[in-house]
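Dear colleague,

Please find below the structure that I am handing over to you, together with its sequence. I should be grateful if you would look it over before reading the notes beneath it.

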Amino acid sequence: MRFTRPLMTLCASALMAFSAAGTGWSSDLQDLSAKERDAFRAEVRAYLLDNPEVLMEAISVLEQRQAQQAEVSDRQMVANNAAALFETSTDLVLGNPNGDITIVEFLDYRCGYCKKAHPEVNALLENDGNIKLIVKEFPILGDASVLASRFAIATHIVAGDAAYADVHEALMNAGNNVTEGSLKRLLRGTDVDVDAVMETMNSEEVTKIIVTNRALGQAMQISGTPSFVFETEMLRGYVPYDRMIQLVTELRAEG
């Protein structure tokens, strides 16, 4: 199916060339007779067999155009949802709150690629020192993921930013077998009121945050984790450390 549009472009160009060469064929494919159509198809087929690199060139051009269109669309989505992305008080904020570059990460605590990216994101924040990271709870991998996000958000409500950051770090480094018992153990030895957190987990306040984040993810056409917004740039999926550094450098250069 990916060949359809390049082939149409190639066919149209070939037809124009044939017409210009005085073949007498119509400039509109719909106006060709059955005999002309068969001849045209034979000419195109012969040309592609003799010059297969043209097809790959056409596909490459199409993919570049589609990538450019997707980038424009992503930037527009970021602009349309800027307030929800960057100005929500319920989110976890890490790094430098006054940083000159803001990154938003949609994550699921049971996502393998989120866990893979986590130490690299931490390294970026530590080594740069001027980046603000906003974490969006985006549990999409089942009930255990929702349980983990509810626990993290409830900890924030009950115990504040620092406790939320500690729980976030613990969940990113924990296994995927999330249960109420395993979550309670994360708060063992802390000053956080565990019973209050567990009671808050199923509150409407927590539910609203998760529902709002899911609606934002849908508006941003996010279907997987991790997904990042680097200022105006959307990146879906795992982003290696070197690529993150490159993006931050480019964003700063753009001002």
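The notes that follow concern the salt bridges of this structure and the surroundings of one threonine. Please bear in mind throughout that the model is predicted.

The structure contains five salt bridges. Three of them are described here, beginning with two that involve strand E5 and helix H3.

In one of these pairs, Arg236 bridges to Asp74, with 3.1 Å between the closest N and O atoms. Arg236 belongs to strand E5, which covers residues 233-236, while Asp74 belongs to helix H3, which covers residues 52-80. The partners are 162 residues apart, and their pairing links distant parts of the chain. As for solvent, Arg236 has a relative accessibility of 40% and is classed as partly exposed, whereas Asp74 has a relative accessible area of 11%. Asp74 is therefore buried, since that class takes in values under 20%.

The other pair joins Arg75 to Glu233, and here the closest N and O atoms are 2.2 Å apart. Arg75 is a residue of helix H3 and Glu233 a residue of strand E5, so this pair also links distant parts of the chain, at a separation of 158 residues. The arginine, Arg75, is partly exposed at a relative accessible area of 35%. Its partner Glu233 is buried, with a value of 15%.

A further salt bridge is formed by the side chains of Arg252 and Asp128, at 2.8 Å from N to O. Because Arg252 sits in helix H11 (residues 241-254) and Asp128 in helix H5 (residues 112-128), the bridge ties together parts of the chain that are 124 residues apart in sequence. Both side chains are partly exposed: Arg252 has a relative accessible area of 31%, and Asp128 has a relative accessibility of 26%. This pair also belongs to a network, in which salt bridges with shared partners join Asp100, Asp128 and Arg252.

Finally, I would draw your attention to Thr200. This residue is part of helix H9, which spans residues 194-200. Thr200 has a relative accessible area of 15% and so counts as buried. Leaving aside residues up to four places away in sequence, Thr200 is in contact with Ala154, Ile157, Val158 and Val206.

With kind regards

Methods
Residues numbered from 1 in each chain as written. Predicted model: local features only at pLDDT ≥ 70, side-chain atom pairs only at ≥ 80, totals over all residues. Heavy atoms only, no water. Salt bridge = Lys/Arg side-chain N within 4 Å of Asp/Glu carboxyl O. Helix = DSSP H or I, 4+ residues; strand = E, 2+ residues; numbered from the N terminus. Buried < 20%, exposed > 50% of the residue type's maximum accessible area, 1.4 Å probe, protein only. Contact = heavy atoms within 4.5 Å.
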